[in-house]
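Me: I am new to this structure. Please show me how to read it, one feature at a time.

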Amino acid sequence: MKFCKKYEEYMQGQCQRKKLPGVGFKNLKKILKRCRRHLQSRDNTALVPDHFGDSALCGRPSSCPDSCPVCDGTFFPSLLKEMSEVVGFFNEKAQRLLELHLASGFRKCFIWFKDKIQGNHIALIEEGKELVTYALINAIALRKILKKYDKIHYSKQGQVFKSQAHSRNLEILQSPWLCELMAFHINSQETKANTRNAPALFNGCSLIFKDEKPSLSCELFDSVKLELDLTCSICLDTVFDPVSLTCGHIFCYMCACKAGSVTIVDGLKAASPKEKCPLCREAGVYEGAVHLEELNILLSQSCPEYWAARLQSERAERIRQAKEHWESQCRAFMGI
């Protein structure tokens, strides 16, 4: 069975229960067919005999690596809109799921009542499994449709578009919430007594230590392997109290505050839009930073000695910064 048919059946099955955004695979393929006919008609008019009496193009379809009037006006705008909806839906649902898992007391009951989510742990894992499947099948759909575009156009514009989507934070496999679901999966596997009958969110997902440096590794599909380095590129140590900037790079919370020129009291949302990521130099990446709570739990359990030492030193630094902040506020209030 072709992937297009599998994808349509999956989306139809999901939409019977709830409406989900997805990639309009059939519509995008129709656009590419129109483009192919446009290229063929253009080639037929461009065939001129050379001085040997043969066609100058020898029957090969011409390429349009820079622009395509048929595709650029409909294909990429449609795909960009659909990708935005898919990533937004996935991020929202994953955030809600993990909020429920980490919540306690009255807040957990409030979320259950508001979102009508089943509160038992196995139900959460099953919903997480559905979210992961949704993310992966849409990632495959995007990969295949862009590959089809490049094949028709004899170009690499599809891969260029994918890079641009990544820079706009529309690449679902780079979502910080996928990282959180990976950590949630590993944390759940370590409590097997409560999850014996629950499905696994990922296959082959694990926390790996190489030369005492941790990384998250997960085999996804078609030999695609996702690896996330968990070493902070600022302090060059295992990320502590990790946050993911909107560009996808992960840092310690305190290191990210220093890079964003803000104190831990003000927080990352107070960072100027001009402040850039220390790695990719992209601006405006601090306001939408995501605190990786599940990853924090995973690392604290996997590196208890390091975590205890780092916690002690960070506590002293946080107290110092808080003291300086409130002293400056008091002086400003008193006009000193």
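What follows is a short dialogue on reading this model.

Me: What kind of model is this, and how are residues numbered?

Reply: This is a predicted model: local features need pLDDT of at least 70, side-chain atom pairs count only at pLDDT 80 or more, and totals for chains, interfaces and linings use all residues. Residues are numbered from 1 along each chain as its sequence is written, and side-chain values use heavy atoms, with hydrogens and water left out.

Me: How do I read the pLDDT of the protein chain?

Reply: pLDDT is the predictor's confidence in each residue, from 0 to 100. The protein chain averages 77. At least 70 is reached by 77% of the residues. Over residues 46–66, pLDDT stays under 50. The model has 27 contacts beyond four places in sequence for that stretch. Contact means heavy atoms within 4.5 Å.

Me: How many helices and strands are there?

Reply: Both are DSSP runs, numbered from the N terminus: helices are H or I with at least four residues, strands are E with at least two. The protein chain has ten helices and six strands. Of its contacts with a separation of 6 or more, 60% join residues 24 or more positions apart.

Me: How much of the protein chain is buried?

Reply: Buried means under 20% relative accessible area, exposed over 50%, and partly exposed in between, with a 1.4 Å probe and protein chains only. Buried residues make up 41% of the 336 residues.

Me: What does the largest nonpolar core contain?

Reply: In soluble globular proteins, nonpolar side chains tend to be buried together. A nonpolar core is a set of buried Ala, Val, Leu, Ile, Met, Phe, Trp, Tyr and Cys residues joined through side-chain atoms within 4.5 Å. The largest one here has 87 residues. Phe 90, Leu 181 and Leu 295 are among those that touch the most other members. Helix α5 (residues 121–153) gives the most to this core, with 16 residues. Beyond four places in sequence, the contacts of Phe 90 include Leu 131, Tyr 134, Trp 177 and Leu 181.

Me: How does the span of α7 fit what is expected?

Reply: The expected span of a helix is 1.5 Å times one less than its number of residues. α7 has 14 residues and reaches 20 Å from its first C-alpha to its last, close to the expected 20 Å. Of those 14 residues, 13 are buried, so α7 is largely enclosed by the rest of the structure.

Me: Which polar contacts involve α7 or its start?

Reply: A polar contact is a pair of N or O atoms within 3.5 Å; within protein, one must be able to donate a hydrogen and the other to accept it, and residues adjacent in sequence count only if both atoms are side-chain atoms. At the start of α7, a side-chain oxygen of Ser 175 comes within 3.1 Å of the backbone nitrogen of Trp 177. Glu 180 lies in α7 (residues 176–189). Glu 180 is buried, at 1% relative accessibility. A polar atom of its side chain lies 3.0 Å from the backbone nitrogen of Leu 295. Glu 180 also contacts residues including Leu 98, His 291 and Leu 292.

Me: What does α10 pack against?

Reply: The buried residues of α10 pack against β5 (250–252), α8 (253–259) and α9 (293–302). Those buried residues include Trp 307, Arg 310 and Glu 314. The end C-alpha atoms of α10 are 44 Å apart, which agrees with the 45 Å its 31 residues should span.

Me: Is Trp 307 buried or exposed?

Reply: Trp 307 is buried, with a relative accessible area of 9%. Leaving aside neighbours within four places in sequence, Trp 307 contacts Val 239, Phe 240, Asp 241, Asn 296, Leu 299 and Ser 300. The C-alpha atoms of Trp 307 and Asn 296 are 9.9 Å apart.

Me: Where does phi turn positive?

Reply: Most residues other than glycine have a negative phi. Asp 211, not a glycine, has a positive phi of about 55°. Glu 212, also not a glycine, has one of about 65°. Asp 211 is in the loop between β1 (205–210) and β2 (213–221), and Glu 212 lies in that loop too. Asp 211 is exposed at 68% relative accessibility, and Glu 212 is exposed at 71%. Just after α10, Gly 335 takes a positive phi of about 75°.
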